[in-house]
Amino acid sequence: MSVTPTLEVVRPGIVTTAQDAGRPGYRAFGVPPSGALDIDALRLLNTLLDNDRHEAALECLYGGIVLRVKQGTARCAAACADARIRAVNGTERQVPAWTTFLAREAEMIIVDAPRNTAAAYLGFSGGMDADLIMQSRSTNIPAGFGGCNGRSLKRGDTIALRAAAESGSEWHYRMTPTLDRPDSLRVMKGPQHDWFDDAMLQRLFDGDYAVTPASNRAGIRLEGEPLVATRGHDLLSEGVASGSIQVPGSGQPILLIGDHPTVGGYPKIATVISADLAAAGRLRIGGRVRFTPVDEKEAARARHVRRETFGHIASSRARVA
Amino acid sequence: MARILPCGDAALLVCMDTEPGGATTRRLAGIAATLHDASPQGITDIVPAFNTLTVCFDPDCIAAAAVSHMIEAAIATAGTATFEPALHDIPVRYGGEWGPDLREVSERTGLSESGVIDLHASREYTVYLLGFSPGFAYLGDIKPELQLPRKATPRPLVPSGSVAIATSYTAVYPQATAGGWHLIGRTDVTLFDVNREEPALFRPGDRVRFVPL
């Protein structure tokens, strides 16, 4: 029987957490869905590794990661960044993104920092043995539970995987996914778009918003021409959907993602459509984004296109020669 | 009776036309329970708040129009009897190191510290909603004499179990988080436990009493 692999964190990166597809279903308890910010990347990575699509991987936000294999052999793959394996004798072999590879005992796995997106992902065949809380291994950073001890990784942390690598081929996608930070996101107006006059709504759609350094897994804080609500900026707290663009008194919008508080008291001028939520998760600090208004029909079409694209990429999975 | 508004393509906001308060909260709890009991495939979350219900769903599994119809049916058929409120007695150590803002609240309201405690502990509160953080419940309404705006500068870290007041509400912080409410006491009761099947102790519509230790 082969030993289940364990890895040691040598360099943790900037904010690296275990994330799976999230824990929807608990918002009524004040628990946000959390989960991988780029859910498209996670699903494609898991499909590449022949995992269930929702399996947990390491989400490396802004930085890369360096891990040492303490025991066993792991089959891994990196998404949205390239990787290298460093052998004990110091020699390195390169592994491009979206290609599975074996990492053996005493070797080091080095994942580069993502460049054109916010997060790179490192997935493992068979998944991670991270804390399963409310049916998910996702980390809720603000509340401190789930994933690897409810927090981002630190040097010296141990990560246990759930399965040893099986013998066999390595895999890649012949149709390489391109998951870059978006220039624009599609939104449906509301629910409180009527708190803003037409000129202000047009300002949202004409505007070009900067992703500020205050952005994190709980919200993307944007800066641009202020959006002033004619009805003021306070409403009785109500449940908020992921993708909501809420506008506090400053007029500077906040796009809710990931670990966002589940209720809020600011008017929501528009909501990113579900097909573009993964793209919202790819927004990088220092980048810019625009918003494009669409209706429910276009949102449905976008979901369809997204499913089709996923299917094309998934069916291009092939053995590495 | 209610407006139903889209929040993107994967959620609907149900806005009741009744004023927030105990009756609206119990009505919302009944509607949420009725909707939940219908076990609709594709609906992931039903989140009651002061006078709204947010329903999150998977649009590839169930259409927004179908969710809307189910909500309307639940509104039409739900009675307040669908929901059984629980009563929670929460023991509290008031003041001193447990309630570092009690003195300031007393000064700003013109009440004695024991007066503040009496007014806080003498009523049964309704759980209006959960949010802000896991298990954080907005309870209300506190007596008008105790009402103060939130602190101008929130504390970066409020100890878990802190009993607090701000505007017309009171709450217990389930975790140590940043917080802008006035801390008047502390409880050892666990408000949020990830290992419980229903991880939050309070549900909207429940009743809460604070018991001075």
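I would like to begin with a pair inside chain A, where A:Arg93 and A:Glu107 form a salt bridge whose closest N and O atoms are 3.8 Å apart. A:Arg93 sits in strand β7 (residues 92–95) of chain A and A:Glu107 in the loop between β8 (101–103) and β9 (108–111), so the bridge ties together parts that are 14 residues apart in sequence. The two partners can be told apart by their accessibility, since A:Arg93 is partly exposed at a relative accessible area of 34%, whereas A:Glu107, at 10%, counts as buried. I should say at this point that what we are looking at is a predicted model, and that a search of the whole structure finds 29 salt bridges over all chains.

Let me move from there to the contact between the two chains. Here 37 residues of chain B are in contact with 33 residues of chain A, and the two chains bury about 2700 Å² between them, with 65% of that area on carbon and sulfur atoms. Which three residues supply more than any others of the area that chain B buries against chain A? They are B:Asp9, B:Asp45 and B:Val194, which supply 18% of it.

As for the polar side of this contact, the count between chain B and chain A is 4 salt bridges, and there are 9 residue pairs in polar contact, both residues being at pLDDT 80 or more. Looking at which elements of chain B take part, we find that β1 (2–6), β2 (11–16), β3 (43–48), β4 (52–57) and β6 (125–130) each supply at least two residues of the side that touches chain A, and that β3(B) gives the most, with 4 residues. By class, that side of chain B has 24 nonpolar, 9 polar and 4 charged residues.

Let me take the individual bridges in turn. A:Arg27 forms a salt bridge with B:Asp45, the closest N and O atoms being 2.4 Å apart. Because A:Arg27 lies in the loop between β2 (15–19) and α1 of chain A while B:Asp45 lies in strand β3 of chain B, this pair joins two chains. Are these partners buried or exposed? Both A:Arg27 and B:Asp45 are buried, and B:Asp45 is, as I said, one of the three residues that together supply 18% of the area chain B buries against chain A.

B:Asp60 appears in two of these bridges: with A:Arg307, where the closest N and O atoms are 2.8 Å apart, and with A:Arg303, where the N to O distance is 2.9 Å. The pair with A:Arg303 crosses between chains, from helix α4 (residues 296–314) of chain A to the loop between β4 and α2 (64–77) of chain B, where B:Asp60 is found. A:Arg303 is buried, with a relative accessible area of 13%, whereas B:Asp60, at 45%, counts as partly exposed. Within chain B, salt bridges that share partners also join B:Asp101, B:Glu104, B:Arg108, B:Lys151 and B:Arg155 into one network.

Next, a helix in chain A. The buried residues of α2(A), which spans residues 198–206, are A:Met200, A:Leu201, A:Leu204 and A:Phe205. Why do they fall on the same side of the helix? They cover an arc of only 145 degrees around the axis, which places them on the same side of α2(A). In general, an α-helix has 3.6 residues a turn, so residues three or four places apart point the same way. In this model, the buried residues of α2(A) pack against β13 (184–189), β14 (209–211), β20 (268–272) and β21 (288–293) of chain A. The N-terminal end of α2(A) is capped by A:Asp197, with a side-chain oxygen lying 3.2 Å from the backbone nitrogen of A:Ala199.

I will finish with some backbone features. In the loop between β13 and α2 of chain A we find A:Pro191, and a cis peptide bond joins A:Gly190 to A:Pro191, with omega about 15 degrees. In chain B, the peptide bond from B:Gly140 to B:Asp141 is also cis, with omega near -15 degrees, and B:Asp141 is found in the loop between β7 (137–140) and β8 (155–158). A:Met134 has a positive phi, near 50 degrees, in a residue other than glycine, and A:Met134 is buried, with a relative accessible area of 8%. B:Phe132, in the loop between β6 and β7 of chain B, has a positive phi near 70 degrees and, at 33% relative accessibility, counts as partly exposed.

Methods:
Residues are numbered from 1 along each chain as its sequence is written. Chains are lettered from A and ligands numbered from 1 in the order in which they are written. Side-chain values use heavy atoms; hydrogens and water are left out. Buried means under 20% relative accessible area, exposed over 50%, partly exposed in between (1.4 Å probe, protein chains only). The arc is that of the directions from the helix axis to the C-beta atoms. Contact means heavy atoms within 4.5 Å. A polar contact is a pair of N or O atoms within 3.5 Å; within protein, one must be able to donate a hydrogen and the other to accept it, and residues adjacent in sequence count only if both atoms are side-chain atoms. Buried area is the accessible area (1.4 Å probe) that two parts lose on being put together, summed over both. A salt bridge is a side-chain nitrogen of Lys or Arg within 4 Å of a carboxyl oxygen of Asp or Glu. Ala, Val, Leu, Ile, Met, Phe, Trp, Tyr, Cys and Pro count as nonpolar, Asp, Glu, Lys and Arg as charged, and the others, Gly among them, as polar.
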